[in-house]
Amino acid sequence: MAGKIAPSMMCAPLDRISYYVKEFEKNQIEFLHADVMDGHFVPNMMLGTAYICSLRSMTDIPLDIHLMVENPETKLDWFDIQPGEYVSVHYESTPHVHRALQTIKNKGAKAMVALNPATPVESLKYLLPDIDGVVLMTVNPGFAGQKLIPQGIDKIRDTRAYLEERGYGDLLIEVDGNVSWENIPKMAAAGTDIYVAGTSSLFNDKVPLDESVARFRSLI
Ligand code: DX5
Ligand code: ZN
């Protein structure tokens with residue numbers, strides 16, 4: 001299966017958001033990744049409820065909402081989550097991660113659990129029947145433009161093997177953090193399904209976006 005691309009919209013300058021959305025539509029980009037940060041779970045604030053609803057109204061590309069907030073189960077109703085959207089909550093962000101994932105499923109959305117770089121893949125064990133996939137952070141969450149934590153590549157490979165050994169090979173692996181031209185081939189070889197494209201690929205180049213997307217697709 002060819003990989004799918006989820007550009008990280010927090011990397012789009014405010015005055016170019018609609019330009020990027022139109023370009024992504026034209027290039028049949030699969031998802032728009034929207035990073036929500038609360039200043040508690042991560043040391044930064046990004047993309048609020050109004051932004052998410054407004055982005056949704058601009059396009060039919062499904063949103064991939066990445067919640068980097070404490071106790072996400074108490075905030076899910078704020079985002080008007082739609083069936084078919086992808087929503088990820090961090091394993092580390094709540095003692096009630098299962099409840100949060102169940103709430104996402106009940107809205108008809110795809111439930112993804114995100115793991116920080118140091119969180120072991122074994123944390124997924126009792127969640128497997130109730131999730132659609134896992135988001136592996138290959139940087140510490142909170143900021144775009146960081147360097148890859150190299151052991152993140154091994155973690156993608158370990159996660160792929162872990163899922164397959166347990167009969168969950170159809171769960172998706174999404175990778176988020178420094179998905180750069182240099183790192184994409186390694187991430188692809190390790191078993192990535194969805195790539196969060198940030199400052200080091202689609203939002204970084206002086207080259208036309210069509211060319212960057214074609215280059216991206218040739219690597220995944
Ligand atoms: C990091 C965010 C990422 C980020 C990716 O906390 O979740 O989505 O925007 O940007 P790059 O690719 O620059 O790491
Ligand atoms: Zn993200």
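The exercises below, each with a worked solution, concern a predicted model of a protein with a bound zinc ion.

**Exercise 1. Overall dimensions**

Task: Determine how the radius of gyration of the protein stands against the value for a compact globule.

Solution: Begin with the chain length, which is 220 residues, for which a compact globule would have a radius of gyration near 17 Å. The protein has 16 Å, and therefore the value agrees with that of a compact globule. As a further description of extent, the C-alpha atoms fill a box of roughly 45 × 35 × 30 Å along the principal axes. Turning to what this space holds, the protein contains 6 helices and 9 strands, and 56% of its 220 residues count as buried. Finally, among contacts with a separation of 6 or more, 62% are accounted for by residues 24 or more positions apart.

**Exercise 2. The zinc site**

Task: Identify which residues coordinate the zinc ion (ligand 2), and work out why the arrangement is called octahedral.

Solution: The first step is to list the donors, which are H33 through NE2, D35 through OD, H66 through ND1 and D176 through OD, at 2.0 to 2.3 Å. Along the chain these donors follow the spacing H-x1-D-x30-H-x109-D. The second step concerns geometry: there are 6 donor atoms around the zinc ion (ligand 2), and the angles they subtend run from 65 to 169°. Six donors count as octahedral if opposite donors are over 155 degrees apart and all others lie between 65 and 115, and the angles at this ion make the arrangement octahedral. As a last step, consider the surroundings of two of the ligating residues, H33 and D35, both of which are buried.

**Exercise 3. The setting of T119**

Task: Decide whether T119 is buried or exposed, and find which residues it touches.

Solution: First locate T119, which is found in the loop between β6 (110-115) and β7 (133-137). Its relative accessible area is 10%, and since buried means under 20%, T119 is buried. Next, leaving aside residues up to four places away in sequence, T119 touches Y91, E92 and K155. With E92 there is also a polar contact from side chain to side chain, at 2.5 Å.

**Exercise 4. The nonpolar cores**

Task: State how many residues the largest nonpolar core has, and which of them have the most contacts inside it.

Solution: This core has 66 residues, and those with the most contacts inside it are M9, F24, L67, L124, L202 and F216. Apart from it lies another core, of 10 residues, among them A6, M112, A114 and L172. To examine one member of the largest core, take F216, which, not counting residues up to four places away in sequence, touches I5, V179, W181, I184, Y195, A197, S201 and L202.

Technical notes
Residues numbered from 1 in each chain as written. Chains lettered and ligands numbered in written order. Predicted model: local features only at pLDDT ≥ 70, side-chain atom pairs only at ≥ 80, totals over all residues. Heavy atoms only, no water. Donors = N, O, S within 2.8 Å, 3.2 Å for Na, K, Ca; no water. Tetrahedral: all angles 85-135°; square planar, octahedral: opposite > 155°, others 65-115°. Buried < 20%, exposed > 50% of the residue type's maximum accessible area, 1.4 Å probe, protein only. Helix = DSSP H or I, 4+ residues; strand = E, 2+ residues; numbered from the N terminus. Polar contact = N/O pair within 3.5 Å; in protein donor to acceptor, adjacent residues only side chain to side chain. Contact = heavy atoms within 4.5 Å. Core = buried A, V, L, I, M, F, W, Y, C linked by side-chain atoms within 4.5 Å. Rg over C-alpha atoms; globule rule 2.2 N^0.38 Å.
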